[in-house]
Amino acid sequence: MEDIIDMLYKRAKEIAGQFPLGGFSGNSAGAVGCALKSKNGGIYTGICIDVACSMGFCAEHSAISEMLKYRETEIEYIIAVNYKGNILPPCGRCREFMAQIDPKNADTNVIVGPGKVIKLKDLLPYMWTEEF
């Protein structure tokens, strides 16, 4: 497990690095990088996009989108890292997104800090979908 976590951390950190986008002042991309390992062993990465009108998206969304292009839906491990190298727990929107991509993602190993891995279901203990 340590090897996969180290590898995903390195991949996410490699692609993190904020850069400006054209257009409005303050628009940028890359402040956060994400790497994930799918259940089938694929490694996918993504970066965040931050724009003035809040229509950007998180690095996790970007990496998951990349995974979906290959028709995979189950995430085994996921990590997000900012451009300083700090591990960031996924925001609520990302947690919900992972859960809705595939119910089996409740068992995703979410790396939330150095040496800290938590199952997605423990980050979303009261799933609203269980009421339906």
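Partly exposed means a relative accessible area between the buried limit of under 20% and the exposed limit of over 50%. The model shown in these views is predicted.

**View 1. Alanine 106 in the loop between α3 and β5.** The relative accessibility of alanine 106 is 27%, so this residue counts as partly exposed. Not counting residues up to four places away in sequence, alanine 106 touches Lys119, Leu120 and Lys121. Alanine 80 lies 26 residues away along the chain, and 18 Å separates the C-alpha atoms of alanine 106 and alanine 80.

**View 2. The largest pocket and its lining.** This pocket has a volume of about 170 Å³. Its lining counts 11 residues. Ala99, Pro103, Ala106, Met127 and Thr129 are the closest to the pocket centre. Helices α3 and α4 each supply at least two residues of the lining. Alanine 106 of View 1 is thus shown again here, as a lining residue.

**View 3. Helix α3 and what covers it.** The helix spans residues 92-101. Cys94, Arg95, Glu96, Met98 and Ala99 are its buried residues. The cover over these buried residues includes α2 (59-69), β4 (75-82) and α4 (120-123). Ala99 is buried in α3 and is also among the lining residues closest to the centre of the largest pocket.

**View 4. Cysteines 91 and 94, without a disulfide.** The structure holds 0 disulfides. Cysteine 91 is in none; its nearest cysteine sulfur belongs to cysteine 94, 3.7 Å away. A disulfide would need the two sulfur atoms within 2.5 Å, so this pair does not qualify. Cysteine 94 is in no disulfide either; the nearest cysteine sulfur is that of cysteine 58, at 3.6 Å. Cysteine 91 has a relative accessible area of 33% and is therefore partly exposed. Cysteine 94 has a relative accessibility of 1%, so it counts as buried.

**View 5. The largest nonpolar core.** This core has 21 residues. Leu36, Ile75 and Ile78 have the most contacts inside it. At least two residues of the core come from each of β2 (28-38), β3 (43-50), α2, β4, α3, β5 (109-113) and α4. Another core, of 10 residues, lies apart from this one; Ile4, Leu8, Ile79 and Val81 are among its members.

**View 6. Isoleucine 78 and its contacts.** Neighbours within four places in sequence are left aside. Isoleucine 78 is then in contact with Cys34, Ala35, Leu36, Glu60, Met98, Thr108, Asn109, Val110 and Ile111. One of these partners, Leu36, is listed with isoleucine 78 among the residues with the most contacts inside the largest nonpolar core. Another partner, Met98, is a buried residue of α3.

**View 7. The hairpin of β5 and β6.** Strand β6 covers residues 116-119. The two strands run antiparallel, joined by 4 bridges. Valine 110 stands opposite isoleucine 118 in β6. Between the strands are 2 residues, and glycine 115 takes a positive phi near 70° in this hairpin.

**View 8. Arginine 71, a residue with positive phi.** Arginine 71 is not a glycine, yet its phi is positive, about 65°. The loop between α2 and β4 holds this residue. Its relative accessibility is 72%, so arginine 71 counts as exposed.

Terms used
Residues numbered from 1 in each chain as written. Predicted model: local features only at pLDDT ≥ 70, side-chain atom pairs only at ≥ 80, totals over all residues. Heavy atoms only, no water. Buried < 20%, exposed > 50% of the residue type's maximum accessible area, 1.4 Å probe, protein only. Contact = heavy atoms within 4.5 Å. Core = buried A, V, L, I, M, F, W, Y, C linked by side-chain atoms within 4.5 Å. Pairing = 2+ DSSP bridges. 1 Å grid on protein atoms, 1.4 Å probe; cavity = no way out; pocket = protein on both sides within 12 Å on 5 of 7 lines; lining within 4 Å. Points joined across faces, edges and corners; volume = space filled by probe spheres on them.
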